[in-house]
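Please read the model below alongside the text, moving from its nonpolar interior to its charged side chains and then to its aromatic contacts.

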Amino acid sequence: QVQLVESGGGLVQPGGSLRLSCAASGSRLRITAMGWYRQVPGNQRELVATIPAGGSTVYEESVRGRFTISRDNAKNMVYLQMNSLKPEDTAVYYCNVRVLSGPWEYDYWGQGTQVTVSS
């Protein structure tokens, strides 16, 4: 069983910054990719950024240059540093972790953390 706990959301003014954190716990985790998604009511969940175990990071076009994803493999944590926030970044942000189990990979999701960008 894998559990994800997110933290760091909140209310921030346009142009401000927030840092999201996500901690994964479970026995003998073999994590491959880690990432962040976001969702607004009425819309599908969309990828914000992803960081594979040994490859290049991928960013959604509208956040490239403003957001930075990073991970700490020793602690099974993934972070999302969000700078120059805009009102359109307002959403519930979800942490995603992909775990390798035998020949299969499974996706796990955090509970979501609200980010609101408003003056």
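What follows is a walk through a predicted model, taken one group of residues at a time.

A convenient place to begin is the largest nonpolar core, which has 29 residues and in which W36, L80, M82 and Y93 have the most contacts. Several strands contribute to this core, since β3 (18-25), β4, β5 (46-51), β7 (67-72), β8 (77-82), β9 and β11 (113-117) each supply at least two of its residues, and the largest share, five residues, comes from β9. The contacts of Y93 give an impression of how this interior is put together: leaving out residues up to four places away in sequence, Y93 touches, among others, L20, W36, V48, F67, L80, M82 and V115, and the list of its contacts also includes E6, R38 and T113.

R38 leads from the core to the charged side chains, of which five salt bridges are counted. With a relative accessibility of 6%, R38 counts as buried because the limit for that class is under 20%. Its side chain meets that of E46 in a salt bridge at 2.7 Å, N to O, and E46 is partly exposed at 32% relative accessible area. A second salt bridge, at 3.9 Å, joins R38 to E60; this pair links distant parts of the chain, with E60 in the loop between β6 (58-59) and β7 and R38 in strand β4, 22 residues apart. E60 is likewise partly exposed, at 25%, and R38, E46 and E60 belong, together with R66 and D89, to a network of salt bridges.

Strand β9 (residues 91-101) also holds N96, which at 5% relative accessibility counts as buried. The side chain of N96 reaches the backbone oxygen of Y108 at 3.4 Å, and, apart from neighbours within four places in sequence, N96 is in contact with A33, M34, G35, Y37, D107, Y108 and W109. One of these, D107, forms a salt bridge with R98 at 2.8 Å, N to O, where R98 is partly exposed at 31% and D107 is partly exposed at 36%.

Two other contacts of N96, Y37 and W109, bring us to the aromatic side chains, where the count comes to one aromatic pair. The ring centres of Y37 and W109 lie 5.0 Å apart with their planes at 70°, so the pair is edge-to-face. Because Y37 lies in strand β4 (residues 31-39) and W109 in strand β10 (residues 104-109), the pair ties together parts that are 72 residues apart in sequence. Finally, R45 lies over the face of W109, at 4.7 Å from the ring centre, while R19 lies over the face of Y79, at 4.2 Å from the ring centre.

Key: Residues numbered from 1 in each chain as written. Predicted model: local features only at pLDDT ≥ 70, side-chain atom pairs only at ≥ 80, totals over all residues. Heavy atoms only, no water. Helix = DSSP H or I, 4+ residues; strand = E, 2+ residues; numbered from the N terminus. Buried < 20%, exposed > 50% of the residue type's maximum accessible area, 1.4 Å probe, protein only. Polar contact = N/O pair within 3.5 Å; in protein donor to acceptor, adjacent residues only side chain to side chain. Contact = heavy atoms within 4.5 Å. Phe/Tyr/Trp six-rings, centres within 6.5 Å; stacked < 30°, edge-to-face > 60°. Lys NZ or Arg CZ within 6 Å of the ring centre and 35° of its normal. Core = buried A, V, L, I, M, F, W, Y, C linked by side-chain atoms within 4.5 Å. Salt bridge = Lys/Arg side-chain N within 4 Å of Asp/Glu carboxyl O.
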